[in-house]
Amino acid sequence: MRLLVTGGAGFIGSHYVRTALTTAADVTELVVLDRFTYAGNPENLAPVAADPRLRVVRADVADPAAVDPLVAAADVVVHFAAETHVDRSIEGAAGFVRTNVVGTQVLLDAALRHGVGKFVNVSTDEVYGSLETGSWTEDHPLEPNSPYSASKASADLLVRAYGRTHGLPVCTTRCSNNYGPYQFPEKVVPLFVTSLLDGGTVPLYGEGANVRDWLHVDDHCRGIDLVVRGGRPGEVYNIGGGTELTNRQLTERLLAAVGADWSRVRHVPDRPGHDLRYSVDTTKIRTELGYAPVHDLDAGLAETVEWYRTHEHWWRPLLATRP
Ligand code: NAD
């Protein structure tokens, strides 16, 4: 299987690449297409850099000339590349529309031209909006509230349309919040952990009442791989862990893991349009594809904190580029 992985130098994409090259014997070629924005880091691929099946191409998913030959040489496209930080999308949405919407359309056009065997669009539960009780199934309407989630929802609709109109074998995955190693230290877990390890304070939005379902990046990539191999064309699959925490509970766990107390937390005004709660129903991927997350949340968070503690050489140089 020849894989094209867009955004393969980012947090989740690089985990997918490292895992595929170390565990999947049927991967004969793996090309990473990545623009290496602030979030893309060659260090994330260092553990597999010597693998002869890996080729890394610095390019923009919204550039048709760069994308075309790479898609032509792939059996499967796994599309992670995106602008991903909600706060940045509030400051300016143009880059989100360009990469997340136009970039996805450029890839879909190339996939259609070259008849790829499968196109897997990695999306997010944030496209559904916010809910107080219950969980979203895949047929819930898309009601995104941030420019980031609106751009991802737009991409999801384009993916659906290329499947319906052109018969392109597309799948979309919608996952909950990920944590794990190699996450850029602007997102809440690595931001909090690196700030606490550095002796600083951490900013908690409002009262920390927002609820998120936390999933280890490895469990997310396990779900994507099941969809790559067995997902039915045209289908959407939610991926999640069923492990919900308020931001306050998450903060408590991270403080405990680094041996700090609440004096290190400063309350900051809530993010505009901040979704209160996300929750995905994962019955479909569990029953159709046999998905089950394997990482326990407390153990996974403890391992993640330990990874940042022992990988200061990875995150220290990145602090200058975070907001
Ligand atoms: P990330 O920000 O860590 O990485 C994004 C990668 O895309 C980087 O390597 C970056 O250089 C690359 N990229 C950005 N613009 C590009 C462009 N124009 N052309 C080529 N490459 C470009 O993101 P992540 O957290 O790894 O998320 C990966 C995907 O998973 C995204 O599509 C995101 O929406 C989705 N997702 C993330 C989460 C999460 O909790 N982080 C949850 C669900 C879904």
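# A guided tour of the predicted chain

Begin at F36, which lies in the loop between β2 (29–34) and β3 (54–58); helices (H or I, at least four residues) and strands (E, at least two) are DSSP runs, numbered from the N terminus. The model is predicted, so local features need pLDDT of at least 70 and side-chain atom pairs count only at pLDDT 80 or more, while totals for chains, interfaces and linings use all residues. Residues are numbered from 1 along each chain as its sequence is written, and side-chain values use heavy atoms, with hydrogens and water left out.

**Stop 1: two residues with positive phi**

Keep F36 selected and examine its backbone. Phi of F36 is near 55°, a positive value in a residue other than glycine. Most residues other than glycine have a negative phi. F36 is buried, with a relative accessible area of 16%; buried means under 20% relative accessible area, exposed over 50% and partly exposed in between (1.4 Å probe, protein chains only).

Next select Y182, in the loop between β7 (177–179) and α6 (188–197). Y182 is not a glycine either, yet its phi is positive, at about 70°. Its relative accessible area is 13%, so Y182 counts as buried.

**Stop 2: the aromatic cluster**

With Y182 still selected, add W307, Y308 and W314: ring pairs link these four residues into a cluster. Rings of Phe, Tyr and Trp (its six-membered ring) pair if their centres lie within 6.5 Å; planes under 30 degrees apart count as stacked, over 60 as edge-to-face and the rest as tilted. The structure holds ten aromatic pairs. In one of them, W307 and W314 have ring centres 5.4 Å apart and planes at 65°, so the pair is edge-to-face. Y308 and W314 also form an edge-to-face pair, with 6.3 Å from centre to centre and 65° between the planes.

Is this part of the cluster buried or exposed, judged by W307 and W314? Both W307 and W314 are buried. The relative accessibility of W314 is 6%, and Y308 is buried with a relative accessible area of 0%.

**Stop 3: charges over rings**

Select R88 together with Y38. The charged end of R88 sits over the ring of Y38, 3.6 Å from the ring centre; a charge sits over a ring if NZ of Lys or CZ of Arg is within 6 Å of the ring centre and within 35 degrees of the ring normal. Then move to R248, which lies over the face of W262 at 4.4 Å from the ring centre.

**Stop 4: the nonpolar cores**

Which residues have the most contacts inside the largest nonpolar core? They are L3, Y16, V17, L30, V78, F80 and I224, in a core of 35 residues. Such a core is a set of buried Ala, Val, Leu, Ile, Met, Phe, Trp, Tyr and Cys residues joined through side-chain atoms within 4.5 Å. Colour helix α1 (residues 11–23), which gives the most to this core, with six residues.

Now centre the view on L30. Leaving aside neighbours within four places in sequence, L30 is in contact (heavy atoms within 4.5 Å) with L3, V5, V17, A20, L21, R53, L54 and R55. A second, separate core of 28 residues includes Y179, L191, A260 and W314.

**Stop 5: Y128**

Select Y128 in the loop between β5 (118–124) and α5 (147–166). Y128 is buried, with a relative accessible area of 0%. Beyond residues up to four places away in sequence, Y128 touches several others, including W136, H140, R174, N238 and V280. For a longer view, add S14: Y128 and S14 are 114 residues apart in sequence and 26 Å apart in space, C-alpha to C-alpha.

**Stop 6: the cysteines**

How many disulfides does a search of the whole structure find? The search finds zero, a disulfide being a pair of cysteine sulfur atoms within 2.5 Å. Select C171 and C175: the sulfur of C171 is 15 Å from that of C175, its closest cysteine sulfur, which is too far for a bond. C221 is in no disulfide either, and its nearest cysteine sulfur, that of C175, is 8.8 Å away. C171 is buried at 1% relative accessible area, and C221 is buried at 4%.

**Last stop: the whole chain**

Zoom out to the full chain, which has eleven helices and twelve strands. The radius of gyration is 19 Å, close to the 20 Å that the globule rule gives for 323 residues, so the chain is as compact as a globular protein of that length. This radius is taken over C-alpha atoms, and the rule is 2.2 Å times the number of residues to the power 0.38. Along the principal axes, the C-alpha atoms fill a box of roughly 55 × 45 × 40 Å. Buried residues make up 56% of the 323 residues.
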